[in-house]
Amino acid sequence: MTPKRDVRLALAGCGVVGGGLVRLLHDSRDEIASRFDVSFTVASVLVRNPTRDRHVPVPDSLFTSDLDAFLRTDADVVVEAIGGEEPAETIAAAALRGGRKFITANKELIAGAGDRLCHLARETGTSLDFGAAVGASAPVISTLRDLLGASPPRSVRGILNGTSNFVITELERGVDIDRAIAAARERGLAEADCSRDLDGRDAAAKLAISAWIAFGIAPSALRIRRTSLLPGLADLAQAAIGLGGRLRLLAECIQLDENRVAASVEPTVVSASSGFARTLGEENRIEIDQGWTAPLSVSGPGAGAEPTASALLSALLRTSPPPNARGGGGRIFLSASDGRPHRWLLLTRNGSGLVQRAVAHGVTVERSWADTNGVGALTSRVEWSRVEALTDSLRASNASVATARVELSDREVQVQ
């Protein structure tokens, strides 16, 4: 059977994600044609080095490093899998101005320019789809889009970076941090430079996109409190277990009063019985609180070629433009700092006086301990600004400091 539609595809980037999409389209072409009555033809592939063998089912003649030639390609859809801000934004703007559907898995692009590109797509009557940029196989963006007709969520929170979660899980299993990162690279979950995964920048970009869909705050306007997992990740993971919980890099945007939204990405000690603690390896898990009896949760592999390629294929198969904008009739939310008090886990090396300095900064220490790794403390509930001042003071005295928010109840806290 010949499909009714043949869609010509211009692909920017043929690395892990782009190459994964090409192979998926090739291997699933019969199933796609049978179920969706459509076939996809790759018309051009933009790469840095056209002569490199990428082991994908695409004729060598279709590879080009000429951006202008690529932008002139006769294509119905442009898929961007390069990453970064440029030339990704140039490609996106050219595609949308030309009336072409534009699909991307690039969270940096959408976090920085998503609102501008969305406006351009509306002006030209075409489609901007970035569902693959958040959660990979976990349908975070599509779920939030489907909830646009309902009230804005109370909160969106979860594990949005599969690489860091894989590393943390390996640490919990007793693997040292260098081997854990090496294993992530071997499995195709981490780039040679995985600093964006471990310092929270990747999760912050994804959170900004999620907050945009949920609350209408432009990604570039969302203020995110971001705390890196490094240094001290291995110590934090073990200390979290010692407290009776598990360490996770948690991203959160939550409604406060007066239509304000606070956002953070930070190491968090979660309950050992929680869904987040049970999220292992490269899995992502996102919980959307609509005020129902329980949060709506979505989960799935959040890193790797196959999950992201699958999300890109889902966008390719979508026939109508996705509802990215909340519209002008809803409530207007503003980004705000989070002044809510939390418990905090503090670990120091190469320095002392943690408890004394905490008192001087108005931070009450509930429990403290010392071991071969240094000094640790669990604070009472206090706002972040005081903890930040305390950690700045410790670092000024050459102490290495690691921090994590603690979400354990009094009953769950265990200190050896």
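**Exercises on two pockets**

The lining of the second largest pocket comprises 9 nonpolar, 10 polar and 3 charged residues (nonpolar: Ala, Val, Leu, Ile, Met, Phe, Trp, Tyr, Cys and Pro; charged: Asp, Glu, Lys and Arg; polar: the others, Gly among them). The model is predicted: local features need pLDDT of at least 70, side-chain atom pairs count only at pLDDT 80 or more, and totals for chains, interfaces and linings use all residues. Residues are numbered from 1 along each chain as its sequence is written, and side-chain values use heavy atoms, without hydrogens and water.

**Exercise 1.** Describe the second largest pocket and its lining.

*Step 1.* Its volume is about 350 Å³ (pocket: an open set of 1 Å grid points where a 1.4 Å probe fits, with protein on both sides within 12 Å along at least five of seven lines; lining: an atom within 4 Å of a point; volume: the space filled by probe spheres set on the points).

*Step 2.* Asp235, Ala239, Leu347, Trp369 and Asp371 are the closest to the centre, out of 22 lining residues.

*Step 3.* Two or more lining residues come from each of α11 (233–243), β14 (343–349), β15 (365–371), β16 (374–379) and β17 (400–406) (DSSP runs: helices H or I, at least four residues; strands E, at least two).

*Step 4.* Helix α11 gives the largest share, 6 residues.

**Exercise 2.** Describe the largest pocket and its lining.

*Step 1.* The volume of the largest pocket is about 1,200 Å³.

*Step 2.* Val17, Ala81, Ile82, Gly83 and Glu191 lie closest to its centre, among 45 lining residues.

*Step 3.* At least two lining residues come from each of α1 (16–27), α5, α7 (162–172), α9 (195–198), α10 and α12 (305–317).

*Step 4.* By class, this lining holds 18 nonpolar, 14 polar and 13 charged residues.
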